[in-house]
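Welcome, and thanks for taking a look at this one with me. Keep the sequence and the 3D view open side by side as we go.

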Amino acid sequence: MDLIERLQNAAEGEWRLDYEIARSLGWYEAEVSEHGEIAWFKPDSKIQQLSGPPHYTTSLDAALTLVPEGCGWKVQRNLNGDCWAVVQRQDANRRIDIWAESDMLKTPALALCIAAMKASEEADG
């Protein structure tokens with residue numbers, strides 16, 4: 001199962017998914033002390049994150065960093081608690097909407113992660 005499928009099947013955000021997202025973006029772990037302390041590093045950066053990568057699946061602020069540059073976005077939580085998100089990008093003369101919606105999505109951050117990652121895949125693909 002690929003990462004987007006795992007996100008779609010998740011009932012809520014969790015650190016394991018955050019780590020997988022970070023790794024897919026080029027973040028890496030490295031030992032930073034003789035005592036075996038591990039730190040996370042952003043791609044092409046020497047800045048450490050001792051607490052790990054951003055909490056993409058539980059924080060809207062962190063999930064927003066996944067939205068590709070120049071794209072619009074919208075997230076909504078319905079009265080029954082279900083969430084959906086859309087990332088919009090312009091392609092030639094038309095707007096393309098990339099959706100994340102499911103009756104299983106219970107957090108806005110998780111919905112935005114899915115839509116943003118789908119948009120990134122489409123842009124790269």
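What volume does the largest pocket have? In this predicted model, the largest pocket has a volume of about 260 Å³. Its lining is made up of 14 residues, and those nearest the centre are Ser-24, Leu-25, Met-117, Ser-120 and Glu-121. Two elements each give two or more residues to this lining: helix H1 (3-9) and helix H4 (108-124). The largest share comes from H4, with 5 residues. Sorted by class, the lining of the largest pocket holds 8 nonpolar, 3 polar and 3 charged residues.

Now for the aromatic rings. The structure holds 4 aromatic pairs, and two of them are set out here.

| Aromatic pair | Geometry | Centre to centre | Angle between planes |
|---|---|---|---|
| Trp-15 and Tyr-19 | edge-to-face | 5.1 Å | 70° |
| Tyr-28 and Phe-41 | stacked | 5.3 Å | 15° |

Take Trp-15 and Tyr-19 to begin with. Both residues sit in helix H2 (residues 15-24), and they are 4 residues apart, about one turn of the helix. Trp-15 has a relative accessible area of 47%, so this residue is partly exposed. If you follow the ring pairs further, you will find that they link Trp-15, Tyr-19 and Trp-40 into a cluster.

The pair of Tyr-28 and Phe-41 is set up in another way. Tyr-28 belongs to strand E1 (residues 28-31) and Phe-41 to strand E2 (residues 38-41), so their pairing ties together parts that are 13 residues apart in sequence. Is Phe-41 buried or exposed? Phe-41 counts as buried because its relative accessibility is 10%, and the cut-off for buried is under 20%. Its partner Tyr-28, at 39% relative accessibility, counts as partly exposed.

The strands that carry these two rings are worth a visit as well. In which sense do E1 and E2 pair? They run antiparallel, and the pairing extends over 4 bridges. Within it, Ala-30 stands opposite Ala-39 in E2. E1 and E2 form a hairpin with 6 residues between the strands, and in this hairpin Gly-36 takes a positive phi near 85°.

For a quick tour on screen, you could start at Met-117 and Ser-120, which are among the residues nearest the centre of the largest pocket. From there, move to the edge-to-face rings of Trp-15 and Tyr-19, and finish at the stacked rings of Tyr-28 and Phe-41.

Key: Residues are numbered from 1 along each chain as its sequence is written. This is a predicted model: local features need pLDDT of at least 70, side-chain atom pairs count only at pLDDT 80 or more; totals for chains, interfaces and linings use all residues. Side-chain values use heavy atoms; hydrogens and water are left out. Rings of Phe, Tyr and Trp (its six-membered ring) pair if their centres lie within 6.5 Å; planes under 30 degrees apart count as stacked, over 60 as edge-to-face and the rest as tilted. Buried means under 20% relative accessible area, exposed over 50%, partly exposed in between (1.4 Å probe, protein chains only). On a 1 Å grid over the protein atoms alone, a cavity is a set of points where a 1.4 Å probe fits but cannot get out, and a pocket is an open set with protein on both sides within 12 Å along at least five of seven lines; lining residues have an atom within 4 Å of a point. Grid points are joined across faces, edges and corners, and a volume is the space filled by probe spheres set on the points. Ala, Val, Leu, Ile, Met, Phe, Trp, Tyr, Cys and Pro count as nonpolar, Asp, Glu, Lys and Arg as charged, and the others, Gly among them, as polar. Two strands pair if DSSP finds at least two bridges between them.
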